[in-house]
Amino acid sequence: MRKFIFLFGILIIQECNAQNGISAGINFHVERISWSSGAGYSYNDGSYNPLNTKVSFEGIYNTELVAFGTGISFFNEEYSKRQFYNTDLYPIVYKSKYIGILLNVHLNFSRKKNSFFFAFNNEFVISTFAQRIFNGSPGIETKILELESATYNRWVASFGIGYKLNVGGKVYLKALPYYSVNGSKEAILSEEPGFYKLGGSLGLFRVF
């Protein structure tokens, strides 16, 4: 194990001393909840798998085979949940806004400008707004709970195989389908976000 760590460290040092550069760009994401670690039957069929969009800005340190990135993302989520077993009447509705802090690693499969790469991305998610609406049934008033201040919500790990394409000069286009899981989570308004997601991103980057 020590030999493996030593050899891996030498590889990283060699790559950092090879041709490298700094790049920056923007990614547009589309994500759909694929599965929940909670009781899946409790979610409305129409709102359990909502399609969410995300935008992220990223700065990257590139070598020929390895890239290290950091950045920030912004996205919203909205979904509903049944209050009563086996009925979609009077659902509980969740709305939330998030900021994510990114720490990403990409491994290129080739030294060529155009190549496939493996991405392992980490996102530390902070909820800046959350609202939980209990829709009132007959004789019961609707109740609304809201988050009082920004708070840490979850750590998300995602991975996938993407492709980067040089579209001219120092400008690159990057496409990445990915799958994400929660590495850890903290309840917001008594709700734990046990979501697993399928997603895809399209990014535009420039190397400096």
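How many bridges join E3 to E4, and in which sense do the two strands run? Keep that in mind; the answer turns up in Exercise 1.

Some ground rules come before the work. This is a predicted model, where local features need pLDDT of at least 70, side-chain atom pairs count only at pLDDT 80 or more, and totals for chains, interfaces and linings use all residues. Residues are numbered from 1 along each chain as its sequence is written, and side-chain values use heavy atoms, with hydrogens and water left out.

**Exercise 1. Work out how E2, E3 and E4 are paired.**

Solution.

Step 1: Get the vocabulary straight. Strands (E, at least two residues) are DSSP runs, numbered from the N terminus, and two of them pair if DSSP finds at least two bridges between them.

Step 2: Start with E2 and E3. Strand E3 covers residues 66-81 and pairs with E2 in the antiparallel sense, over nine bridges. Three residues make up the hairpin that joins E2 to E3. For a concrete bridge, take Tyr-61, whose partner in E3 is Phe-68.

Step 3: Now the opening question. E3 and E4 run antiparallel and are joined by 16 bridges. Across from Ser-73 you'll find Gly-100 in E4.

**Exercise 2. Find the cavities and describe the largest one.**

Solution.

Step 1: Pin down the search. Rolling a probe the size of a water molecule over the atoms shows where empty space is left. On a 1 Å grid over the protein atoms alone, a cavity is a set of points where a 1.4 Å probe fits but cannot get out, while a pocket is an open set with protein on both sides within 12 Å along at least five of seven lines; lining residues have an atom within 4 Å of a point. Grid points are joined across faces, edges and corners, and a volume is the space filled by probe spheres set on the points.

Step 2: Count and size. The whole structure holds two cavities of 30 Å³ or more, and the largest has a volume of about 310 Å³.

Step 3: Look at the walls. There are 25 lining residues, with His-29, Glu-31, Lys-54, Glu-123 and Ser-158 closest to the centre. E1, E2, E4, E5, strand E7 (151-168), E8 and E9 each give two or more residues to this lining, and E8 gives the most, with five.

Step 4: Sort by class. Counting Ala, Val, Leu, Ile, Met, Phe, Trp, Tyr, Cys and Pro as nonpolar, Asp, Glu, Lys and Arg as charged, and the others, Gly among them, as polar, the lining splits into seven nonpolar, eleven polar and seven charged residues.

**Exercise 3. Trace the side-chain contacts of Glu-31 and Glu-123.**

Solution.

Step 1: Place them. Glu-31 is in strand E1 (residues 21-36), and Glu-123 is in strand E5 (residues 115-134).

Step 2: Are they buried or exposed? Glu-31 has a relative accessible area of 6%, so it counts as buried; Glu-123, at 8%, is buried too. (Buried means under 20% relative accessible area, exposed over 50%, partly exposed in between, with a 1.4 Å probe and protein chains only.)

Step 3: List the polar contacts. Such a contact is a pair of N or O atoms within 3.5 Å; within protein, one must be able to donate a hydrogen and the other to accept it, and residues adjacent in sequence count only if both atoms are side-chain atoms. The side chain of Glu-31 has one with the side chain of Lys-54 at 3.2 Å and another with that of Tyr-178 at 2.7 Å. The side chain of Glu-123 reaches that of Lys-54 at 3.0 Å and that of Ser-73 at 2.4 Å.

Step 4: Put it together. Lys-54 has side-chain polar contacts with both Glu-31 and Glu-123.

**Exercise 4. Describe the second largest cavity and the largest pocket.**

Solution.

Step 1: The second largest cavity holds about 100 Å³ of space. Its lining includes Tyr-79, Tyr-94, Ala-130 and Glu-191, and E4 supplies the largest share, four residues.

Step 2: The largest pocket has a volume of about 600 Å³. It is lined by 23 residues, with Asn-62, Thr-63, Lys-164, Tyr-172 and Val-207 nearest its centre. By class, that lining has seven nonpolar, nine polar and seven charged residues.
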